[in-house]
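Notebook open, model loaded. I'm jotting down what I looked up, in the order I got to it.

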Amino acid sequence: MPMDVQLLKKRDSFGFGQLKGPSRFWQKEVLHDIMTTCIILHNMIIEIERDLNAPIQDDLEGPTPTIEMTVDENQRFQEFLARHRRIKDKDAHFVLRNALIDHLWENTRG
């Protein structure tokens with residue numbers, strides 16, 4: 001076996017372990033390089049291990065379900081307005097904000 005294939009076969013013990021640990025402190029460029037390397041190694045492994053003589057299997061699609069849709073523009077517009085009102089509800093905003101603050105405050109006091 002060529003040397004690169006032997007190295008790729010050791011992937012089970014290697015496990016792309018560079019991504020373990022406190023990677024959030026790494027620079028984005030370093031993480032980008034590591035992820036790109038992992039993707040390239042993965043693709044090389046797949047290419048080496050695939051069976052070129054295996055038959056190609058086409059995915060068969062199931063029957064398309066029939067869906068009856070009724071379009072009522074007035075109803076759709078009313079639903080849009082109701083969603084918009086819920087999003088812009090200041091009272092709900094303050095209740096959720098205060099609940100989040102209380103939750104974070106309770107969980108960070110240790």
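Started with Trp26, which I found in the loop between helix H2 (11-14) and helix H3 (28-49). Worth keeping in mind from here on: this is a predicted model.

Next I asked myself: is Trp26 buried, partly exposed or exposed? Its relative accessible area comes out at 34%. Buried would need under 20% and exposed over 50%, so Trp26 goes down as partly exposed.

Then I checked what Trp26 sits with on the surface. Phe25, Trp26 and Val30 make up a nonpolar patch there, and together they have about 310 Å² of accessible area.

Zoomed out to the whole chain. I get five helices and zero strands, so to speak an α-α-α-α-α run from the N terminus on. Of the 110 residues, 5% are buried. The exposed area of the chain is about 10,900 Å², with 58% of it supplied by carbon and sulfur atoms.

Confidence check. Mean pLDDT for the chain is 77, and 76% of the residues reach 70 or more. By element, H2 has the lowest mean, 49, while H5 has the highest, 90. I note that H2 is one of the two helices on either side of the Trp26 loop.

Went on to H5 (residues 90-108). How far apart are its end C-alpha atoms? I get 27 Å, and that agrees with the expected span, because 19 residues at 1.5 Å a residue should also cover 27 Å. At the start of H5, a side-chain oxygen of Asp89 comes to within 3.3 Å of the backbone nitrogen of Asp91.

Last item, salt bridges. The structure holds one. Arg76 pairs with Glu73, and their closest N and O atoms are 3.6 Å apart. Both residues are in helix H4 (residues 73-87); they are three residues apart, so about one helical turn separates them.

Definitions and conventions
Residues numbered from 1 in each chain as written. Predicted model: local features only at pLDDT ≥ 70, side-chain atom pairs only at ≥ 80, totals over all residues. Heavy atoms only, no water. Helix = DSSP H or I, 4+ residues; strand = E, 2+ residues; numbered from the N terminus. Buried < 20%, exposed > 50% of the residue type's maximum accessible area, 1.4 Å probe, protein only. Areas by Shrake-Rupley, 256 points an atom, 1.4 Å probe, with all protein chains shown as cover. Expected span 1.5 Å × (residues − 1). Polar contact = N/O pair within 3.5 Å; in protein donor to acceptor, adjacent residues only side chain to side chain. Patch = residues over 30% accessible without salt bridge, like charges linked within 9 Å, V, L, I, M, F, W, Y side chains within 5 Å. Salt bridge = Lys/Arg side-chain N within 4 Å of Asp/Glu carboxyl O. pLDDT = per-residue confidence, 0-100.
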